[in-house]
Amino acid sequence: MQLSKELYNHLLEKAQQHFKDTGKTFTKYEMNKWITRFKREHLEYNEIYSQALQNVSDRVSKAYKNFFRRVKGKHNGKKQKVGFPRFRKFTSSLTYPQSGFKIERKRVELSKIGRINFVNHRETEGMVKTLTVKKTKSQEWYVTIAVEKENPTRFSNEKEMVGIDLGINNYATLSDRTVKQNIKITGKQRNRMRRLQQGISRKTKGSRNRKKAIYRFSKYAEHISRLREDSLHKLSHNLVNSYSFIAYEELDVAGMVRNHRLAKAISESSWGNFTQLLQYKAESAGCVAVGVNPQNTSKTCSGCGNLQEMPLSERIFNCEKCGMSKDRDLNASINILKRATEGHSGSHAFGDNVRPPHMGAVVKERGTTSGVSR
Ligand SMILES: [Zn+2]
């Protein structure tokens, strides 16, 4: 891992120098020359699988491609900061493309490293594409396996369509009245987190004890976030397998987190993370997930379309025009589903403001201003 960081930074430096000297980007030929020379000077690199080295150079190339794109963007008058790609303080991951590894039931065999025991959390289905070994701050090792599925199940009409409202009281309220929860961080867990964090600040900077305290804190923080992540995986898995069409709000999480009162609750509920999971799980489950403009979904009557003020404290939507009375979140979830299918009758028609989705892809409404841009 240490080695891959060194090479990454070395190549970055070479590329930077090359750019300063010539004003141009480097070619693959030049990159390979740098690698060869570097390997000659650092014999320990012969121990690293060549494909993994190739991956390091691919990452440098990518960083530079993005850099040049930013430079070009600036010429076109876009306001953008153009900085050189940054040097890595630590590259604690190493990716093996296609070959160079073998996955067994309880072990992975990595070329030039050897066999490592590992705990397989999820069964891998489909063609294995790459394998990444990663070291976390608490010095644990993770293996991430990327797979490509050959024949995703096709979009099926058999299951229901649903709109989802994501909230704080209830994690997800569905337009069919189902309510789903995500695990919440308990007060006890939060206190422990705080204590561990205080433990760090009490130790002298640079000391061994401080390092230990940092280790204890990261370990616990990772544990908590893993619990929550697992629960989101299960929830999204469950949803894409139960419905054929899921509409959700493109939430402006960044904008909401700026609002301090809600900040903690929102970042904890990790909505952005969740909708991403929905999207990428949708395809293989034969489901379509669509993000819609979140504007006024809570303030609009799902019965007659009347727009009225709805302060956060108001838990029931009582329509001033048609008299409809519905739970606030349920009303919103119905609006979200409507928005994704608007303007057409028939169960799988899409409105003018929504492009027909690709399998499992996000479809943003045209002209959305408040959505999350990724
Ligand atoms: Zn109404």
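In the predicted model, the chain exposes about 22,600 Å², of which carbon and sulfur atoms supply 49%. Of its 374 residues, 40% count as buried. The secondary structure consists of nine helices and 13 strands. Where contacts join residues at least 6 apart in sequence, 61% of them link residues at least 24 apart.

A zinc ion is bound through four cysteine sulfur atoms, the SG atoms of C301, C304, C319 and C322, at 2.3 Å. The angles subtended by these four donor atoms at the zinc ion run from 107 to 112 degrees, and the arrangement is therefore tetrahedral. For comparison, the ideal angle for four tetrahedral donors at a metal is 109.5 degrees. Along the sequence, the donor residues follow the spacing C-x2-C-x14-C-x2-C. Within this pattern, C304 belongs to the loop between β11 (288–292) and β12 (316–318), whereas C319 belongs to the loop between β12 and β13 (325–327); the pair therefore ties together parts of the chain that are 15 residues apart in sequence. The two residues also differ in solvent exposure: C304 is partly exposed, with a relative accessible area of 34%, while C319 is buried, at 7%, a value under the 20% limit for burial.

The loop between β11 and β12 also holds N296, a residue that is not a glycine and yet has a positive phi of about 60 degrees. N296 has a relative accessibility of 28% and so counts as partly exposed. A positive phi, of about 80 degrees, is likewise found at R177, again not a glycine. R177 is located in the loop between β8 (172–174) and β9 (179–180). With a relative accessibility of 60%, R177 counts as exposed, since the threshold for that class is 50%.

Helix α4 comprises 16 residues, from 187 to 202, and at 1.5 Å a residue should span 22 Å; the C-alpha atoms at its ends are 23 Å apart, in agreement with this expectation. The buried residues of α4 are Q189, L196, G199 and I200. Viewed down the helix axis, these buried residues fall within an arc of 100 degrees, and they therefore line one face of α4. On the other side of the helix, R195, S201 and R202 are exposed. The cover over the buried residues of α4 includes helix α5 (208–242).

Among the strands, β5 (residues 127–135) contains V128. This valine is partly exposed, with a relative accessible area of 27%. Apart from neighbours within four places in sequence, V128 is in contact with F101, I103, I145, A146 and V147. The C-alpha atom of V128 is separated by 9.4 Å from that of P97, a residue 31 positions away along the chain.

Key
Residues numbered from 1 in each chain as written. Predicted model: local features only at pLDDT ≥ 70, side-chain atom pairs only at ≥ 80, totals over all residues. Heavy atoms only, no water. Donors = N, O, S within 2.8 Å, 3.2 Å for Na, K, Ca; no water. Tetrahedral: all angles 85-135°; square planar, octahedral: opposite > 155°, others 65-115°. Helix = DSSP H or I, 4+ residues; strand = E, 2+ residues; numbered from the N terminus. Buried < 20%, exposed > 50% of the residue type's maximum accessible area, 1.4 Å probe, protein only. Expected span 1.5 Å × (residues − 1). Arc of directions from axis to C-beta. Contact = heavy atoms within 4.5 Å. Areas by Shrake-Rupley, 256 points an atom, 1.4 Å probe, with all protein chains shown as cover.
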